[in-house]
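Biologist: Before I look at any single side chain, could you take me through how one reads charged pairs and the overall fold in a model like this?

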Amino acid sequence: WGAAPALPMGGQAREPAATPDFVRRLVTFARVHRWIRRLHAYPIWCSHPTLRAQTSQPSGSSGGSRSHVAGEVLKLCDGSHSLDCIACELDLEVEEVSDICKERGDEVIWIRRISPAGSTTLNP
């Protein structure tokens, strides 16, 4: 069976730390070999001007910049932009975009799509 591997001084084996680069390469490898697939979320604001005959402005709180950011997020919630794309375009965290959409309640619906099994790209 062979000899047991030598342990470092102190007698305890250490596991290597998972660096961000290692995790990125592991996810890329798993995507290429079709072990995992990506879930895309597309928020759709039901009162979006392109979806309704009337033009309506997003009614946000009178919080100034927060209301402006919410308006910018909602403008992109037309079903053709994924949650990741909206966050990147507006330089926001995905959680911030998601929170803004969730604040609208039933006005925002979500379309979720799993990337095709044969897809090897990491971008949506």
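Modeller: This is a predicted model, and a helix is a good place to begin: Asp21 and Arg25 lie 4 residues apart in helix 1 (residues 20-32), so they are separated by about one helical turn. The two side chains form a salt bridge, in which the closest N and O atoms are 3.5 Å apart.

Biologist: Which residues does the network joined by shared salt-bridge partners contain?

Modeller: The general idea is that a salt bridge is called when a side-chain nitrogen of Lys or Arg comes within 4 Å of a carboxyl oxygen of Asp or Glu. In the other pair I would show you, Glu107 and Arg104 meet through their side chains at 3.3 Å, N to O, whereas Asp21, Arg24 and Arg25 are joined into one network by salt bridges that share partners.

Biologist: How many salt bridges are there by this rule, and where does the pair of Lys75 and Glu72 sit?

Modeller: The count comes to 4 salt bridges. Lys75 and Glu72 are 3 residues apart in helix 2 (residues 65-76), and therefore about one helical turn separates them; their side chains meet in a salt bridge at 3.2 Å, N to O.

Biologist: Are Glu107 and Arg104 buried or partly exposed?

Modeller: Here the cut-off matters, because buried means under 20% relative accessible area, exposed over 50%, and partly exposed in between. Arg104, at 16%, counts as buried, while Glu107, at 30%, counts as partly exposed. For the helical pairs, Asp21 has a relative accessible area of 37% and is partly exposed, Arg25 is partly exposed at 48%, Lys75 is partly exposed at 47%, and Glu72 is partly exposed at 26%.

Biologist: Which residues gather in the patch of negative charge on the surface?

Modeller: A patch is built from residues that make no salt bridge and have over 30% relative accessible area. In this chain Asp91, Glu93, Glu95, Glu96 and Asp99 gather in such a negative patch on the surface. Asp99 belongs to helix 4 (residues 94-103), and its relative accessible area of 43% makes it partly exposed.

Biologist: What pattern does the chain follow along the sequence, and what share of its residues count as buried?

Modeller: The secondary structure comprises 4 helices and 2 strands, arranged along the sequence as α-β-α-α-α-β. Of the 124 residues, 24% count as buried, and the chain exposes about 9100 Å², of which carbon and sulfur atoms supply 56%. Among contacts with a separation of 6 or more, residues 24 or more positions apart account for 69%.

Conventions. Residues are numbered from 1 along each chain as its sequence is written. This is a predicted model: local features need pLDDT of at least 70, side-chain atom pairs count only at pLDDT 80 or more; totals for chains, interfaces and linings use all residues. Side-chain values use heavy atoms; hydrogens and water are left out. Buried means under 20% relative accessible area, exposed over 50%, partly exposed in between (1.4 Å probe, protein chains only). Contact means heavy atoms within 4.5 Å. Accessible areas come from the Shrake-Rupley method with a 1.4 Å probe; for residues, only the protein chains shown count as cover. Patches are made of residues with over 30% relative accessible area and no salt bridge: like charges are joined within 9 Å, nonpolar side chains (Val, Leu, Ile, Met, Phe, Trp, Tyr) within 5 Å. Lys and Arg count as positive and Asp and Glu as negative; His and the chain ends are not counted. The place of a charge is taken as NZ of Lys, CZ of Arg, CG of Asp or CD of Glu.
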